[in-house]
Amino acid sequence: MTMPDPSLQTDQAARDDLLARVIDIVSNPEAEERPSLGFISDYSDADLADLLESVSDQYRSPICRKIPIDRGWPILHLLHYETARHVLDLLSPEQLQGLARRISEIDILTFAEILPGDIVEDYLDQQEALTTEQMQLALSYQDEAVGRYLNNNVLRSRPTATVGRVLERLNRQKQREYVAVYAVDAEGKFHGGCTLEQLYREDPTTPLSKYITELEVIGDEQDITKVAQQFNPVAGFAWVPVEKGGKIIGAVALSTLMHRLKERSLEVLVSETPQDE
């Protein structure tokens, strides 16, 4: 006969005791000497995650307010998705700001759809500036490479972000003179683009996804002449998205492609014209 693991029994007993103590405190708010819930910080992340999963919605709010903010992300990752959604709704503004200061890429990938929009967009802004700087320092291109003509002033935004939120980001960084807005989800997948003119005339409460147009993407190391010869322009879009390693890093002006195509046509014409002897 297999005996139960005593350590597991102890852990469960401790969690049952924790649950009973918390429910007793929260259920008796009028008690003269009501104990504080501060003692829950002495328990492990797994214990607190189990506690949040075990209580009904009405008990979660006071528990959430006592969770140490530096342990917020590890605990959230241990919760079921819907529980995590509810916990995020219950956190105070100060706690949310604390999470934002400690956020990482894995947190964004896991919780992008349930995090407050400001947290996600601010993170993307920070990463966009970092990525742009890294690209500028790390990339060098041959004369005929698309990347040689790259403009990295493009705004990447989640498809679920509202038009109003996108406009806020554009206005907040006017010095960058953005040339294009591209919809990129939390996993880095490119969904398409919107023209700046379109955004300014649409309902600010509408999701960006409603106005996305599928666009052809070109690689940063492709030969610009070959790209110009094969590219099919989309009406209304003056910039062409450029990717490197599956990530959108900027755009190239359609006029640049057309000018290169014209130059190539002239080169061919000159080479085929008989020369006077």
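This passage describes the nonpolar cores, helix packing, sheets and selected residues of a predicted model.

The largest nonpolar core of the model has 36 residues. Within this core, the residues with the most contacts are Val-22, Phe-39, Leu-52, Leu-76, Leu-88 and Leu-115. Eight helices each give two or more residues to the core: helix H1 (6-27), helix H2 (45-54), helix H3 (57-64), helix H4 (72-78), helix H5 (81-90), helix H6 (93-101), helix H7 (105-111) and helix H8 (117-138). The surroundings of Leu-76 illustrate how residues distant in sequence meet here: when neighbours within four places in sequence are left aside, Leu-76 is in contact with Ala-84, Val-87, Leu-88, Leu-99 and Phe-111. Another core, of 14 residues, lies apart from the largest one. Ala-145, Val-227, Phe-231 and Val-242 are among the residues of this other core.

The packing of H2 against H3 was examined in further detail. Two packed helices are described by the angle between their axes and the distance between the axes. For H2 and H3, the axes come within 8 Å and cross at roughly 150 degrees. On the H2 side the contact involves Leu-51, Leu-52 and Glu-53, and on the H3 side Arg-60, Ile-63 and Cys-64. Sorted by class, the residues of this contact are four nonpolar and two charged, with no polar residue. Leu-52 thus appears in this contact and also among the residues with the most contacts in the largest core. Cys-64, for its part, is buried, with a relative accessible area of 0%.

A second cysteine, Cys-194, also counts as buried, at 4% relative accessibility. A disulfide is a covalent bond between the sulfur atoms of two cysteines. The structure holds zero disulfides.

Two open sheets were then considered. Strands of a sheet pair through backbone hydrogen bonds, either parallel or antiparallel. One open sheet has three strands in the order S1-S2-S3, with mixed pairing. Its edge strands are strand S1 (154-157) and S3, each of which pairs on one side only. On average, neighbouring strands of this sheet are turned by 25 degrees against each other, direction ignored. Helix H9 (residues 163-172) packs on the sheet and touches S1 and S2, its direction making about 145 degrees with that of S1.

Within this sheet, S1 and S2 run parallel and are joined by four bridges, and Ser-157 stands opposite Ala-183 in S2. Strand S2 (residues 180-184) and S3 run antiparallel, and four bridges join them as well. Across this pair, Tyr-182 stands opposite Gly-193 in S3. S2 and S3 form a hairpin with five residues between them. In the turn of the hairpin, Gly-188 has a positive phi of about 90 degrees.

Burial was also assessed for the strands of this sheet. Five of the five residues of S2 are buried, so S2 is largely enclosed by the rest of the structure. In a regular strand the side chains alternate between the two faces of the sheet. In S2, Ala-180, Tyr-182 and Val-184 point one way, while Val-181 and Ala-183 point the other way, and all are buried. For strand S3 (residues 190-194), four of the five residues are buried, so S3 is likewise largely enclosed by the rest of the structure.

The other open sheet has three strands in the order S4-S5-S6, again with mixed pairing. S4 and strand S6 (247-253) are the edge strands, and each pairs on one side only. S4 pairs with strand S5 (residues 239-244) in the parallel sense over two bridges. Ile-218 stands opposite Val-242 in S5, and Val-242 is also one of the residues of the core of 14 residues.

Two individual residues complete the description. Thr-206 lies in the loop between helix H10 (196-201) and strand S4 (218-219). Because its relative accessibility is 10%, Thr-206 counts as buried. Residues up to four places away in sequence not being counted, Thr-206 touches Ala-161, Thr-162, Val-163 and Tyr-211. Arg-264, in contrast, is in helix H12 (residues 254-272) and counts as partly exposed, at 34% relative accessibility. With the same exclusion of residues up to four places away, Arg-264 touches Thr-225 and Gln-229. Arg-264 and Thr-225 are 39 residues apart along the chain, and their C-alpha atoms are separated by 7.3 Å.

Definitions and conventions
Residues are numbered from 1 along each chain as its sequence is written. This is a predicted model: local features need pLDDT of at least 70, side-chain atom pairs count only at pLDDT 80 or more; totals for chains, interfaces and linings use all residues. Side-chain values use heavy atoms; hydrogens and water are left out. A nonpolar core is a set of buried Ala, Val, Leu, Ile, Met, Phe, Trp, Tyr and Cys residues joined through side-chain atoms within 4.5 Å. Buried means under 20% relative accessible area, exposed over 50%, partly exposed in between (1.4 Å probe, protein chains only). Contact means heavy atoms within 4.5 Å. Axes are lines fitted to C-alpha atoms, for helices over the stretch in contact, and angles run from 0 to 180 degrees between N-to-C directions. Ala, Val, Leu, Ile, Met, Phe, Trp, Tyr, Cys and Pro count as nonpolar, Asp, Glu, Lys and Arg as charged, and the others, Gly among them, as polar. Two strands pair if DSSP finds at least two bridges between them. A disulfide is a pair of cysteine sulfur atoms within 2.5 Å.
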